[in-house]
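Trainee: I am new to this structure and would love a close look at one part of it, the disulfides. Could you walk me through them, one after another?

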Amino acid sequence: MALVTGVLGLVAPSAGSAAAAPSAQAQVAPIEWGECAAADLANVPPEERAKFSCGNYAVPLNHERPGQGTINIALMKRAANDEANRVGAVFLNPGGPGGSGYLWPTTSRLDGPIQDRFDLIGFDPRGVGRSTPLRCFATDEDADAVFGRMHPLPVTSAEETATLKANKDYGKFCKRFAGPLINHMSTEDVAQDLDVLRAAAGEDKLNYIGFSYGTLLGATYVNMFPKKSRAIILDGNVDPTLRLLDGVDYDRQRTNGFEISLDAFLTECDNVGAACAYSGDARTKWDRTLDYLRDTGTVTLPDGTEVDEALLVGTTASALYDPGSFPALAELMQAVWDASHPSAQRGSAKADLAAAKQLIAGAGRATRDAPPDAPYTSDDSYAAVNCSDKPFNNTQQDMPGIADRWERQMRSFGRYLAWGDPALCPTWPVKNPDAFRGPWNTRTPNPVLVVGNYYDPATQYEFAKRMSKQLGNARLVSVDSFGHCILGDSACVDKIAADYLVDLAVPGPGSVCYPDVRPFDPAAEAKTALGS
């Protein structure tokens, strides 16, 4: 069957293709690095731009059958500051799935010894952004027509029916427009790409830092290519066994992470007192606010903003990713409380709503492992990867019952997050996808460094403990911190990561770190404002 080219960016196979599967060739061709587009380096100081180079590399569409053609992977590299003492290159994945890693070498998250001794390589995985994208729609209008019918928090029978029909239509569009790439979007496929890229970058063994979903990619790689793994850091971990064996229960347990994080937020709010606008029996206020919104529908804030349960819960879920947004979240919660309980109102000045409105504007549905780097219209890789990796044994008809049960078990986020992958993946057009499902205990030459925050909403701390136990050789670093992932926000974790990458040194068992700033600290707000 002929491969579709052009829009999909698939490259027909050739006799001299350098992107054949690693098992089929003795040596891969090197990446041809060149200049980066000026726009991609806009946030890089002029004196630093010479360190950056960019490239594209062809990898097999299907690693098991490389003759079917290739797809493109876009990469950016930042050269090590100290070339004379360079250790190697470290590949970066920001999570998602579907997160764009192309620009990550331009961030300051890994400054210090890591930038000094390593090249940093960011890439857009298959299906994502600047790489060959997986697209399910021909136009934005088609996409809007489908997603516009999905209710973020279906409650009535009509809302549930419309949402399920839209999810089914989404699968139909993907089957019609996505092309052959949709059959090869599992994390196993991405891990095989990563091994080709490692060799093409001239690295004998992989150095890697994966955040959120990127921890699954790292865990998959070390179990598929253990002898090719040097230093692997996994920050904000999934439970790989559960995720690859039971999608519904994985998502249910993941949802409970948001409940744990919210409870800790409300407790911290009361502990800091006046520094948190929502303090004063915050848990009771939150529960009563949910009751009010479920009974009444919406409240109107002093500036005219209308807030319903879906907006409040969705914004809260998104804000829990970033402790720097906690003061604005508290302002929003207090404003909604004031509007719904005017007799108890202590006053919420209009100026206090500015940060809350910005928080609302920036919030998306918290179904992704990490906030996306690009608008949805760029690609559909998030659904393609999750529906390839996570098996769902439920049907769409089961969804109202699942949502009801989750709401009883997890009062704040259960219904909201139930309407994610469990509602979509049962109708996904790829049946029985080829995904790596373990075993996960293959021993690597060096320990894998696993990092987990106590109050991480999206990948709860329990998952980090499970990851460290399931891997064949791992060391867990715990962090007494809020927020999703921590590298770059804790000097303690940063030093451990640098020592590990440079010298392969690992901390002792039971290591616990702390963030550089605590929630409701003005320094945390300043970091968020600066985009750190």
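Mentor: Here is a tour of the disulfides, with the place, geometry and surroundings of each cysteine.

Please keep in mind that this is a predicted model. The structure holds 5 disulfides, and we will look at three of them in detail. If you number the bonded cysteines of the protein in sequence order, the pairing reads 1-2, 3-4, 5-6, 7-8, 9-10.

Let us begin with Cys36 and Cys54, which a disulfide joins with an S to S distance of 2.0 Å. This pair links distant parts of the chain, for Cys36 sits in the segment before strand 1 (52-60) while Cys54 lies in strand 1 itself, 18 residues apart. The torsion about the S-S bond of Cys36 and Cys54 is about 100°, so this disulfide is right-handed. How much of each partner can be reached? Cys36 has 12% relative accessibility, under the 20% cut-off, so Cys36 counts as buried. Cys54 has 7% relative accessibility and therefore counts as buried too.

Next, find Cys136 and Cys174, whose sulfur atoms are 2.0 Å apart in a disulfide. Here again distant parts of the chain are linked: Cys136 is in the loop between strand 4 (118-123) and helix 2 (140-147), and Cys174 is in helix 3 (residues 157-177), 38 residues apart. With 100° about the S-S bond, the link of Cys136 and Cys174 is right-handed. Cys136 counts as buried because its relative accessibility is 0%. Cys174 has a relative accessible area of 0%, so Cys174 is buried as well.

Now move along the chain to Cys492 and Cys513, joined by a disulfide with an S to S distance of 1.9 Å. Distant parts of the chain are linked by this pair: Cys492 belongs to helix 17 (residues 491-503) and Cys513 to strand 11 (residues 511-513), 21 residues apart. The angle about the S-S bond of Cys492 and Cys513 is -55°, and the link is left-handed. Is each partner buried or exposed? Cys492, at 32% relative accessibility, counts as partly exposed, because that value falls between the 20% and 50% cut-offs. Cys513 is buried, because its relative accessible area is 1%.

One further cysteine to look up is Cys485, which has a relative accessible area of 10% and is therefore buried.

To retrace the tour, start at the right-handed link of Cys36 and Cys54, go on to the right-handed link of Cys136 and Cys174, and finish at the left-handed link of Cys492 and Cys513.

Technical notes:
Residues numbered from 1 in each chain as written. Predicted model: local features only at pLDDT ≥ 70, side-chain atom pairs only at ≥ 80, totals over all residues. Heavy atoms only, no water. Disulfide = S-S within 2.5 Å. Helix = DSSP H or I, 4+ residues; strand = E, 2+ residues; numbered from the N terminus. Buried < 20%, exposed > 50% of the residue type's maximum accessible area, 1.4 Å probe, protein only.
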